[in-house]
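Got your viewer open and a hand on the mouse? Let's take a walk through this one together, one selection at a time.

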Amino acid sequence: MTRLVTKDTLTDCKVKGITGYAKGPNIILIKHLALSLLILGLTACAGNLIQIKLKVVDQDGHPVKDAKVVMNFMLSQGSNDFDGLTDKQGEVSARRTSQFGAMIGIYKDGYYPSNIRRTSRGDQNLTIELRKKKNPTAMYAKKLTLRFPKKKTAIGFDFEQADWVTPYGMGNTAHILFYLEGEYVDYDNNNNELRVSFTNVGDGLIKLNKATTNSEYLFPYQAPDSPYSRTLALKKSLSSNTKTITTYDSSALGYIFRVNTKLNSEGEVIHANYGKILGEFFSSTKQNKTKGRENGFVRFTYYYNPAPNDRSLEFDWRQNLFHDLVHEEKVKAP
C-alpha cells in the first residue's frame, strides 16, 4: 500500500533534505540516489497513526481523576509525546504516529506510579491500575547473597541482624532455617536442593504467583491470616545428557512470611512479625573460594517488619532500618 507523505509526517520525522554538487553524467545517478534515500527515510519514519484510550482506576476499581499520563509513541528516532490529565471518569486519550507502540507512565501524589509498554500498532482501549499509598512502613530490607558456612545442615538466619545465628554468625534469633545440598561439577552439570523451614508453630511462607498489576507496588497491602506453610523445597538438576529439572519459579512475585508466632489455647495468633521475599530464592552449590563461597550460597531480597502484629507489607525505602548498606544491597522497590 502506498503511504502519502504529509506535512505532519515530515514534522514527526524531521527528515533533512540532501544537497550537494555534481557535474557531468554522474549528476543523474546522484539525483536518483538522493531521491531514493529520501523516500526510504520518510517511509521508515512515517509509522502508523494510532489512538490509545486510557482509563485509570485505583486498587478498588474507582476512577482516578487528575492523574498525570505520559505517553511516548515510539519512532525509529525519538518519539511523539503526549502529556495530559485524566478527567473525572479517570479517562484520557491521545492520537499520534508511532512505529513501535507506546510507553505509558501514570503518576499522582499519594499513589504508586504505574508503567506499561504496548507494542501493538493498532488503536487500543486500556484500563490501568494506580494503587494508593496506604501505610508505607519502616522495615529491615536488604538484597542479600548469603554464603553457607556448612552444607547438609539446617542453619538459622536472623532477619534483623542479616546474618546466621551463632556459632556461624552474629544473629540471635533463628527466624528462618536454610539447608543446602548438592554438587557443582561445571556449568552444564550441577544440582542443588534448597530447603526453607521454620521452628515455631504458625510460622511459615505463602507463595505469590506472577504479579497482575503494572503498579510499582506489587504485593498485597497486608499479610493475610490464612495458614502459612512451614517448609519449602526448591530443587534444580542440570546435566549435559538430560533435560533440566527445576522447581524454582523465576516468574513468581515472591513470598509473604510470618515469624515469631505465638498462639493462644484456641490456636489463634496473639503475636507475630510479618515480612516478604521479593522474587524467588536463588541458590547454588558452586564454589568460589575468593568470595568465601566454599559451600555454596543463597540469594534473596527480603523485607522484615519488626513491629509486632503489624501486617503492613508496604515498605518506605526512606525508612530502611538497615544503615550504611552498599549499593548492591539497597532496596528501593516498595
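What follows is a tour of strands, rings and a few odd backbone spots. Keep in mind that this is a predicted model.

**Stop 1: the open sheet**

Start by colouring strands β10, β9, β11, β12, β14 and β15, in that order. They make an open sheet of six strands, and the pairing is antiparallel. Which strands sit at the edges? β10 and β15 (242-246) do, since each of them pairs on one side only. As background, strands of a sheet pair through backbone hydrogen bonds, either parallel or antiparallel.

Now zoom in on β12, residues 189-197. Eight bridges hold β12 to β14, and the two run antiparallel. Click valine 196 and look across: leucine 232 in β14 stands opposite.

Move along to strand β14, residues 231-239. How many bridges join β14 to β15? There are three, again with the strands running antiparallel. Select lysine 236 and you'll find threonine 246 of β15 standing opposite. β14 and β15 also form a hairpin, with two residues between them.

**Stop 2: another hairpin and its neighbour**

Next, select β16 and β17. Eight bridges join this antiparallel pair. Lysine 262 is a handy place to look, as histidine 271 in β17 stands opposite. β16 and β17 form a hairpin with five residues between them, and in the turn glycine 267 has a positive phi of about 80°.

Keep β17 selected and add strand β18 (residues 297-305). Those two run antiparallel and are joined by eight bridges. Pick glycine 275, and its bridge partner in β18 turns out to be tyrosine 304.

**Stop 3: rings that meet**

Time for side chains. The model has 23 aromatic pairs by the count used here, and we'll visit two. Show phenylalanine 159 and phenylalanine 257 as sticks. Their ring centres are 4.5 Å apart and their planes are at 15°, so this pair is stacked; the cut-off for stacking is planes under 30 degrees apart. Phenylalanine 159 belongs to the loop between β9 (155-158) and β10 (163-164), while phenylalanine 257 is in strand β16 (residues 254-263), so the pair links parts of the chain 98 residues apart. Are these two buried or exposed? Buried: phenylalanine 159 has a relative accessible area of 0%, and phenylalanine 257 has 1%.

Now switch to phenylalanine 178 and phenylalanine 281. This aromatic pair is edge-to-face, at 5.9 Å centre to centre and with 70° between the planes. Phenylalanine 178 is in strand β11 (residues 176-186) and phenylalanine 281 in strand β17 (residues 269-284), so the pair ties together parts 103 residues apart in sequence. Both of these phenylalanines, 178 and 281, are buried.

**Stop 4: charges over rings**

Select arginine 131 together with tyrosine 221. The charged end of arginine 131 sits over the tyrosine 221 ring, 4.9 Å from its centre. Then hop over to tryptophan 317: lysine 332 lies over its face, at 4.6 Å from the ring centre.

**Stop 5: a nonpolar patch**

Turn on the surface and highlight Val201, Leu263 and Val269. Together they make a nonpolar surface patch of about 220 Å². Leucine 263 lies in strand β16, and at 35% relative accessibility this leucine counts as partly exposed.

**Stop 6: around β10**

Go back to strand β10 and select tryptophan 164, which lies in it. Tryptophan 164 is buried, with a relative accessible area of 3%. Add histidine 175: the two are eleven residues apart in sequence and 10.0 Å apart in space, C-alpha to C-alpha.

Now find the loop between β10 and β11, where proline 167 lies. The peptide bond from threonine 166 to proline 167 is cis, with omega near 10°.

**Stop 7: positive phi**

A bit of background for the last stop: most residues other than glycine have a negative phi, and most peptide bonds are trans. So which residue should you click in the loop between β1 (48-57) and β2 (68-74)? Try aspartate 66, which lies there. Aspartate 66 has a positive phi of about 60° although it is not a glycine, and it is partly exposed, with a relative accessible area of 42%.

Finish at asparagine 260, found in strand β16. Asparagine 260 is not a glycine either, yet has a positive phi of about 55°.

Methods:
Residues numbered from 1 in each chain as written. Heavy atoms only, no water. Phe/Tyr/Trp six-rings, centres within 6.5 Å; stacked < 30°, edge-to-face > 60°. Helix = DSSP H or I, 4+ residues; strand = E, 2+ residues; numbered from the N terminus. Buried < 20%, exposed > 50% of the residue type's maximum accessible area, 1.4 Å probe, protein only. Lys NZ or Arg CZ within 6 Å of the ring centre and 35° of its normal. Pairing = 2+ DSSP bridges. Patch = residues over 30% accessible without salt bridge, like charges linked within 9 Å, V, L, I, M, F, W, Y side chains within 5 Å. Areas by Shrake-Rupley, 256 points an atom, 1.4 Å probe, with all protein chains shown as cover. Salt bridge = Lys/Arg side-chain N within 4 Å of Asp/Glu carboxyl O.
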